[in-house]
Every structure is written in C-alpha cells, then in structure tokens.
Amino acid sequence: MNKEKRDRIYAILCTILTIVFIGIMLFMATGLPHLGLATNPDINEVPEFYVEEGPEETGALNAVTAMILHYRAFDTLGESCVLFVAAISVFILLRIDGEASNETVVAIDRRYEPVNDPILSKTFLILVPAVFMFGIYITMNGHLSPGGGFSGGAILAAGFLLYLNAYGLENTERFLTSKLYRRVTALALCFYAAAKGYTFYMGANGLESFESAGIPGRILSAGLILPLNICVAIVVSMTIYSMYIMIRKGGFNK
Amino acid sequence: MNFVQNIPALSILLLMFCGIVCLVLPARWARHLADCAIALVCAASVVLWVAFLRGQEVFTYSMGEIGAPFGNELRAGMLEAAAATLFSAVTLLSILGGRAHLRADIGKKKVNLYYISVLFLLCSMLALVYTNDLFTAYVFVEINTITACGIVMSKEDGYTLAASMRYFIMSLIGSGLFLIAVSILYALTGHLLMSNIQEEVAALYASGQYRAPLQVSIALMGVGLSLKSALWPFSSWLPDAHSSASASSSAMLSGLVLKSFIFLLVKVFYRVVGVTIIPTHAILDLLLVFGILGMIMGSVNALFERDIKRMLAYSSIGQIGYIFCGIGLGTIAGVAAAMVQIAVHACTKAMLFCAAGGLMDASGGSKKFKDLEGAGRRDTYAGVAFIVGTLSMIGIPFFGGFITKLSLVTAAVEVGGWRNTLSILAIIVSTILTAIYYINVLAIIFRGAETGPTTAREKLREQWKKQMRLDTEYELAIVLFILLNLAIGLQSDRLMDVIRTGLAMFG
Amino acid sequence: MTNVYTLLKITDKLTLQFGSDPTGRFFLCLVTIMWILVGIYAQKYKEHQKHNARFFTFYILTWVMLASLTMAANYLTMYLCFEFMTLLSMPLVLHNGTPESIAAAKKYLFYSIFGATLGLMGMFFVNTYGTTLAFTAGGVLDPAKIAGHETLILWVAFLSIAGFGAKAGLFPLHAWLPTAHPVAPAPASAVLSGCITKAGVLCIIRLVYQIYGVQLLRGTWVQMALIILALITVFMGSMMAFGEDLMKKRFAFSTVSQVSYVLLGVFTMNETALLGALLHAAYHSIIKDGLFLCAGTIIFWTHKEHVSEMKGLGRKMPVTFGSLAIFSLGLVGIPPFAGFLSKWYLASGSLSEGLPVLSWLAPAILLLSALLTAGYLFPICIHGFFPAEGEPEAEGKEGSALMLVPILILAAATVLIGIFASPLKDALQAAAATMF
C-alpha cells in the first residue's frame, strides 16, 4: 500500500474518529447541569465562602485574585512554573549558542524589521510608556479591581515587544539582556516560592504568619497578594518576551 | 503535627526552588545543586517512610491555614512515601549513570537548562504522588509533560526533535482529555478536592442523576492518562522518544514518567471514584484488554528489533501492559500487583537503559546489535547489569520480576473467569518472548573472541575498548542499581506488606 | 524428606529448601558418577576443542545446578534450579560457535523456557490451591479448595507436567533434542542425553507423586493423555532413529524414545511401573553416556559422523566397537545385560494397572520399540565388524586410555548391573515405595 493511499485512509479514519468523539461529547453535554441554575451542584458552600469571607480574610476586594493568590496559591505557583519550564523548553529548542557575530545578526535583523520607521517610532514614543503604565496599573490593582499579575504581565510584554519592533534590538538590549532576564525571573519565582512556602508551612503547622489582611480597599493591603501579583507579572512578561526573542533571533544578544 | 508531616510540601518546594535557581547558575554548579537537591529529597522521603513504618497515621496537609474544601491539600500515606522514595532514588541514579552521555550530548550552555527540566520533572512527579486535589494534579501533569519533552529534546539531533514533537502532541491530547474530565467532574460535584468529590460521586451514583456525564468523565480520565503512560495502542510515540534520547533521559522516562501517570490514575480511581464504584465501570475491562494486548505486542515488536534502545523501549510497552492488566482486574490484589510491577520495573528498566548507554560507549557510540558484539566484556559493569536485568525480566526467583508475576497470577486466579484465562495466557506468552529477546542480547554482548582480533570488525572493537571512557559516577550508579534490584527481589515480602498497608490507607 | 535445610525465606510458603530423600539421592549419585566419567573422557577429547576453560566452567556449573535440583525439597527450589540449569547448559550446546550450534542452542532455550514457564504457572496454582509447596507423598493440594475447580486443576497438572517434559523430550516438545546433540561436543551430548534429561524426569516424578498426588491423577484423562504422549514418543523416537544416518542424531532420537520409557513408567502410577522407570533411568544413563562417548571417540580419531561411513571400522577400533555392541545389547533389553529388568517391570506394571486400551497397548509398543532399537543399533556393530564384501574399509585407530577407560567402565557396569541386579533393584524399590 503506497504512501498516498495510506495517508488517505489515515485521514478518513481520523475524521470518523473525531466526529464520533464530538458526538459523544455533545450527547454527554446534554446531560450536564444547565448553566447558572441555583440548584447546580457547583453552587455549594465553596463559592459562597469565597464571596462572603474572602474580602475580610484576605483583604482583596477582587474575589478571583483572592482565590488564585491566596486560597489556591499552590496552583498558581504551579502555573507560574509551567510558564517557566515552557520558556526553558523553548530555550532548549530554539536558542542558538554558536558564535554568530553580533554585527551580522544585527544586520540581518535590521533587514527584516522596520528600520527607524518614523511613523512607528513617533507613535510608539507616545504609546509604549502608556502601555507600560497601564500594565503596571493593572498589576498593582489586581486585588482591588479586575486584573492581576497575569493580565498585567501580558500587557507589559506587549509594551516590550512594541518597543523592540520600533527601536530595534540594540536599543532594547541596553536594558533587556540575558543576564537581566535570568536574574529577574529567578528572583521573582524564588520570591513567590519562598513567600508561599513560608505561608504554607505556617498555616499547616497552625502557626501565625506575618501576612495581614490590612484594610480592604487600600492599595497596600491584602497581605502578600500585591507582591505576588508583581512576581507573576514579571514572570509572565519575561516569558513572553524571551519566547519572542528566541523565535526571532535565537537568543539574547548580550 | 510533627515535623515529618511537612516533608511532602517541603520536598516539592525545595525542588522547585532549586530548579529556578539553576537558571542563573553555570553548568557545574547546576549539576551539583541538582544532585544535592535530589539526594536530600530522597533522604527526606526515606525519613517519612520510616515514620509511617513506625505507626504514623495517614495525614492531610493543608497548603495555608485554610484547608479543604476551600484551599489546596496534600495527602500522604505509606504508599505515597514509598513512591516518593522510589522516584527520587531512581532519578538520582539515572542522572549519575548517564552523566558521561549528558556531557557528550548536551551543549555546554544548555546543561543548566537540562537540570532545570530534571528538577521540575521530579517535582511534578512528587506532586502527583502527594496531591489530594484534582486541579493541582492537572497543573503538575502539565509541568510533567513539558519537562519530559524537554529532557528528550535536550540532545539536539533530528531524531530527538521528531520524536519529541510526536511525544508532545500525543501527550497533550492526553492532558486535554484529562482536563475535560476534571471540568465535567467539577460541574457535577462542585468540588476539586478528591475526598470531597468522592462523597458527591457516591451520592450521584446512588441517585442515578447525571449518569452519562459521570461515566464519560471517568472514561476520559482513564483514556487520557493511558495515552500519557503508553498503554498499547497509544504507545506509538514511545519507541522513538525513548530510544533517541540520552541515556539518563531514557532511564527517567521509561522508569518514572510513565509510572507517575499510572499512580495518578490509581489515585483517581481509588479516591475520586471510589473502590466500590469503579469495578462497575467498563473502563477497567478496556484497560485489561489493552494491557494484555500490550504485553504481547510489546514483546513481539521487541523480538524483531536490531537496535538495543528500541528493543528496551518496546520491552517497556510490554511491561506497562502488566501494570494495566493488574489495574484492569478490578480487585485490590490486582492493584497491589500493579504497584509491585511499578516498583520493580522502575528500578530494572532505568538500570538497563544506563547499562545500554555504557554498552554503546564501549562500541563506538553505536546502538546496533552487530556493533555491540562483545560489549559486555569490554564494559563489565554493563554486562553484569544486563544479566541482573534479564533475570529480573524473565522472572527468576531472587529477583523482582518473580514477585510481580506471582502476585499478578494470584490476583487473576482470584478473579476467575475469562479475565483469569486471558491474563495467564498473556503472561505465559510474554514471559517466553521476553526470555528469548533478552537472552539473545546477552548472547550477543558476551560473544567473545579469545583469539586475537582477525577481521576488520574485531580490530575496530579493540579500538573502541581503548577509547572507552566511563567514569566512577557511572560505575557507582550501576552498582547501586544492581543492589537495589537485588534488595527488591530478596525483600519482596516486606515490599508487598508495604504496598498492602499503603493501599488500605489510600482510598 | 529428611535433613531439610532452608536457604532463604521469601514468604511463609515460598522458601528455598533443600532436603534428601531416596529418589533424590539416587539421581544425585547417578548424575555425579556420570559427570565424573564423562569429565575424565573430556580431558582427552578437549584437545580437539577450543575455549576449554569456558567449556569446563559451564560443565561444572551445570552439575552444581543439577545436583541442587536433585536435592530440592519444594516446587519453587526445583523450578529455580531447573531454570538456572537450562541457562547454564546452553553454553555447552553452542560451544563450537558455528551458526548451527547457535541456532540449536536458541531452540533448546526456547523449548526449555516454554516448558519451565508452564511449570511456573503450575507452581502459582499449587501455591493458591495447595497447603504447601514442599514435596509430600500423596500430593499437597487441599481438597477443600479444589472442590468445584477440578477441571482447572487437571488442566494445570497436565500442562505443567507436559511442560517439564520438554526437558525429558516428551512429544511434542522433543524437537530440540535431535537438533542440539549433533552440534554439541561429545562430552556435552553425553551429559545432555544421559543426565539432563533425567532432570526433567525427576521434576515430573516429583510433580506426579508429590505435588499433585496419585489419588488426584489416577484414572483421569490426564493420566491417559500423558501415557498416550509417552507412547507416541517411544514409537516415534525409535522410527526416526531407524532412518537416521548421522550417528549422534540417531542416538539423540534414541534418547527421545528411551526417556519416554521412563516417563511411561512414571505415568502408569503403580509401584512396579515406577520401579521399572527408575531402573530404566539408571540403565539408560549408563548406556546412553557410553554410546555417546563411543561416538565421540569415533569422531575424534576418524572425523566420521555418519554410520554409513563406518563400515569395517570395528577391526581398527575393536574396543570401541566392542563396547558399542555391549551397549546395544543392553539397550535392546537382552538378558543378562542391563536393560532387561526395567522393561520387564514396566510391562508388568502397565498390565496390572488396568487402564482400558493402554494396559496391553503399552507392552506391545515396548516390544515393537525394542525390535526397532535392535534395528538401529545392531547394524552399527555388525557393519563395523563384518563389512559386506567389496565395500571400502574405513580408516581409524584405537584411542588413548583416558577416553577408553570410562567407556570400559560403563560397559562393565552394563554387564555387571545386569547380572547382579538385586542391590540396585532393592534400593530403587524402597525409593519407589516412598512415593506412595
């Protein structure tokens, strides 16, 4: 049986299998509880607790942030580590460790990327600071309004990428070097792991920890949630930037 | 609460911490840090295990002062402590045993990245062992998937890239199915902590409500985790991935990664669905039948291989079939047999892969049988390790493989019926086939030329012997592996006791 | 079983135990004496071989495992020794390193491991359904546990006994014997035929009498099936030997046939037949070892392996061919040479057992096989001493003392044990009695 025939049979079988799977899922979905009914199983004491006790206990008005960074902080630590190892895997796959000369790389980069394009430079001159400010705002207000580390970090990353595309590698790498990336990411994650490790240890052993809820509504409240938001934002933005730079150039220059 | 109860959380956090720090360290420091961290975790798990042997009760450890059902929880019993010890010990020995290959295969600047992946891999395996929460399990399943592919990719050649791509896609399909199942369970029960879900599931089964989604979610969990642990026919990714990777990566993948998902599967069946309900579900029959087919097909495929690492990879598929056969029997004795096989196979297969690395070194880097002739004489450590591994795989008493066959057959006889007949037939056929291809390898690697080298090939082998450069770490690792295998074989009744006590605490 | 020594305890039921009983002692003495005689022979034979250190290492190790097997006190120990004996005797078969010998060794390995795995499965079942794994006269299966599962247990018994029969050359697992013997060196063939097959026999004796028990098996389809298999092997082995020209292969088929005589006696399950079986085991060991040593001597000096090439050789090698004649007479069963008494007891035991057709069929086939045995053994000596007119005479010379003395000892034994049969017969009668 030649390759084409085999591929065709394979494609047909895959289609049939997928349709069957979709059919099973649809049939099963008809049996699920209807969305939003008050009698649903997932409306039980757990969401009630989060909504009612959350603000006082944690000091965060945003119940989602309270949940992901306080009650289920271990999961969020895990997710941050997922981002981290994903970046590491991209490094393993894409980073070029050879001795390509700096000038050649910059020259190639310049050929394919917009060079000192006036429209881009002037627009981004206004836009990029605004983007950074917005990102920082979202991060810092994560416990008071919708937002938090993940979304803030993504916006910060967008800022970095805009800057890179407008002003080129050389300018960006005046501050975003490989050393900075490594140290900042490691520091952020270590801080998260250490802080939360301390909380877990104290909490599980029934000891008092330094975390205090503060006054809900103030910016400096909600215990550890604000620092953790900042850590998460750093990790997310650094990860996205490093993935972009791996794909574009195969590694940090410096 | 005494201090040992902190050990599960602290081991996971320590490994995470060291993994993160490795990012800023150069290669040599990363290596030392990884070795120390894993050794420390292994020692801590032993301490925890001893505490359980001395009568410590099963405990839950809430992450933070809020426990179930609002916060995260870990749970540890005898079985979890033993599994954690096993995983960390085998990881350490695999790294030691394959160190020479790591130096050769991985670019200098990426060595610390490799150790980050290894540390996070072990961290995720420990978290899967200890977790009591379904969503945490999913998060660490993700870390496991990514880092497992990372350690395959670290050896940068075309084969590993193609293999890891395939591994990644199939593994992600498995994770996806698992996540769908978790979401359905959450929608039906409103909880993410396993013990809470179990109560709700029991109530749902009794009332008959939402039966279809519940059945589908259990089936999806079974299939999703089987995809990731290479149940036949979902194992097509395994031979390429395990054979092309570096020696210590293959050892860790074959020995540990597959087992961590199976451990999670048993945990889900026991703690989420419940021991009384799960035998009524047809997924167990499916796992049994595929396990039996895997036992036979794995051995049949291994028989035709002329490449030693591919042969060991297919052998893994066969041995994983034993585990699923034990789980699929549906009784506690069956699960106990599966757990013994997990322990024995982890130690034996990791040792065989490290030894295969040594044999390849002694044959100029080639994996083909025709180049491996006499390699067992050039590298005696690998030769002895292969003998021990073969005897264990065939099931000679004194070695671990015997106790797995014994417990599996005993469990099958208890169940009776067609399951009994099929299982025993499959065990007979796969034992014979396993004996044939392993002894074939032994005959090849010990083929000796006592007269001086005459043909060109033999002169080449003399050259390889001079070029061999195996270090003390490798020798130490092989010796410790052999001792570990012998210990499991000789102390098998203690091991069975541990497993039975652990399973009693498990559910 | 006396003097039981526990080497290792895995669980309460699974222990490695050694002990001595009359049957075990008999087999131990038999194999050890054979091993020593063949070892002396091999000192001269080794001049035509390479890698002698390797050969003798595995030679001794195989004996160690075989001796341990005769002294095994429970099923697990017996299985362990059996497996190790297979693994350690494989290098003896492939010693010459030719592709044929490697293929033959793989075939030997495959058949043996297949049989041993069936035996292992039997052990697992006995572990579940029996009170203990230690050999006890009358069987160890617990009647309470078996009730309701008789069919399963009978099938398990049949398969495990037939599995161990692979080592003893029971049809249909006999095919490794004729392939392995021609390619192995002569001393290895001698012990393979003479002693290692007896290991299979001993395992079967233990299983039939001391694990499953005569009460369970007598009169069932298992007994009938096993006797039929033994009879088929007896007849078929003799027929195939009759038409075979390669001398060692002819002797190999003869082994297949003769060892099934022993198995026939074992399966008939009464004292007389068992006595006949044990006697025949002794006689066959002595005679077959002698035959293979003679074949080895002929190959050593003349490099001739085919019977048709050996016409007139007897004049040049009188001692060898003379001994061959004695062995042939013994194997056919002509009084007063060793070999007659065993057949007598086998036949009378079979007749007295009272099985439907098999009671008279067995002696008939024994008689037919004896005629065939004469047909394939006597021509060797006859053509050796009295070649037909006009046929070219072969060249050869008589060998050295190291090779001839063991042959002469064995030939003398054939004669003496035949004439002074009582000591051996009484000892074996006592041994057989302990089995019931």
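These legends walk through several close-up views of a predicted three-chain assembly, one view at a time.

The model is predicted, so local features need pLDDT of at least 70, side-chain atom pairs count only at pLDDT 80 or more, and totals for chains, interfaces and linings use all residues. Residues are numbered from 1 along each chain as its sequence is written, chains are lettered from A and ligands numbered from 1 in the order in which they are written, and side-chain values use heavy atoms, with hydrogens and water left out.

**View 1. Chain B against chain A.** Of the two pairs of chains that touch, chains A and B share the most contacts (contact: heavy atoms within 4.5 Å). Chain B brings 58 residues to this contact and chain A brings 52 residues. Together the two chains bury about 5000 Å², with 73% of that on carbon and sulfur atoms (buried area: the accessible area, with a 1.4 Å probe, that two parts lose on being put together, summed over both). On the chain B side, Ile20(B), Leu23(B) and Phe70(B) lose the most area to chain A, together 14% of what that side buries.

**View 2. Polar links and elements between chain B and chain A.** The interface of chain B and chain A holds one salt bridge (a side-chain nitrogen of Lys or Arg within 4 Å of a carboxyl oxygen of Asp or Glu). Look for Asp133(B) and Arg72(A), whose side chains meet at 2.6 Å, N to O. There are also 10 residue pairs in polar contact between chain B and chain A, both residues being at pLDDT 80 or more (a polar contact is a pair of N or O atoms within 3.5 Å; within protein, one must be able to donate a hydrogen and the other to accept it, and residues adjacent in sequence count only if both atoms are side-chain atoms). Elements that give two or more residues to the side of chain B that touches chain A include helix H1 (7-21), strand S1 (59-63) and strand S2 (72-76) of chain B (helices, H or I with at least four residues, and strands, E with at least two, are DSSP runs numbered from the N terminus). The largest share of that side, 10 residues, comes from H6(B).

**View 3. Thr185(A) and its surroundings.** Thr185(A) sits in helix H8 (residues 178-204) of chain A. Thr185(A) is buried, with a relative accessible area of 0% (buried means under 20%, exposed over 50%, partly exposed in between, with a 1.4 Å probe and protein chains only). Leaving aside neighbours within four places in sequence, Thr185(A) is in contact with residues including Phe84(A), Met238(A) and Leu23(B).

**View 4. Chain B against chain C.** Here 25 residues from chain B meet 29 residues from chain C. The area buried between chain B and chain C is about 2500 Å², and carbon and sulfur atoms give 83% of it. Phe398(B), Phe402(B) and Ile432(B) supply 19% of the area that chain B buries against chain C, more than any other three residues. Zero salt bridges are found across the interface of chain B and chain C, and the count of residue pairs in polar contact there is one. Helix H17 (400-415), helix H18 (417-445) and helix H21 (492-506) of chain B each supply at least two residues to the chain B side, and H18(B) gives the most, with nine residues. Chain A and chain C do not touch, and their nearest C-alpha atoms are 34 Å apart.

**View 5. A salt bridge within one helix of chain A.** Asp7(A) and Lys3(A) form a salt bridge, with their closest N and O atoms 3.1 Å apart. Both lie in helix H1 (residues 3-30) of chain A, four residues apart, about one turn of the helix. Asp7(A) is partly exposed at 38% relative accessible area, whereas Lys3(A) is exposed at 55%.

**View 6. Salt bridges within chain B.** Glu473(B) forms a salt bridge with Arg99(B), the closest N and O atoms being 3.1 Å apart. This pair links distant parts of the chain, 374 residues apart: Glu473(B) lies in helix H20 (residues 472-490) and Arg99(B) in helix H4 (residues 99-105) of chain B. Arg99(B) is buried, with a relative accessible area of 1%. Another salt bridge joins Glu156(B) and Lys110(B) at 3.2 Å, N to O.
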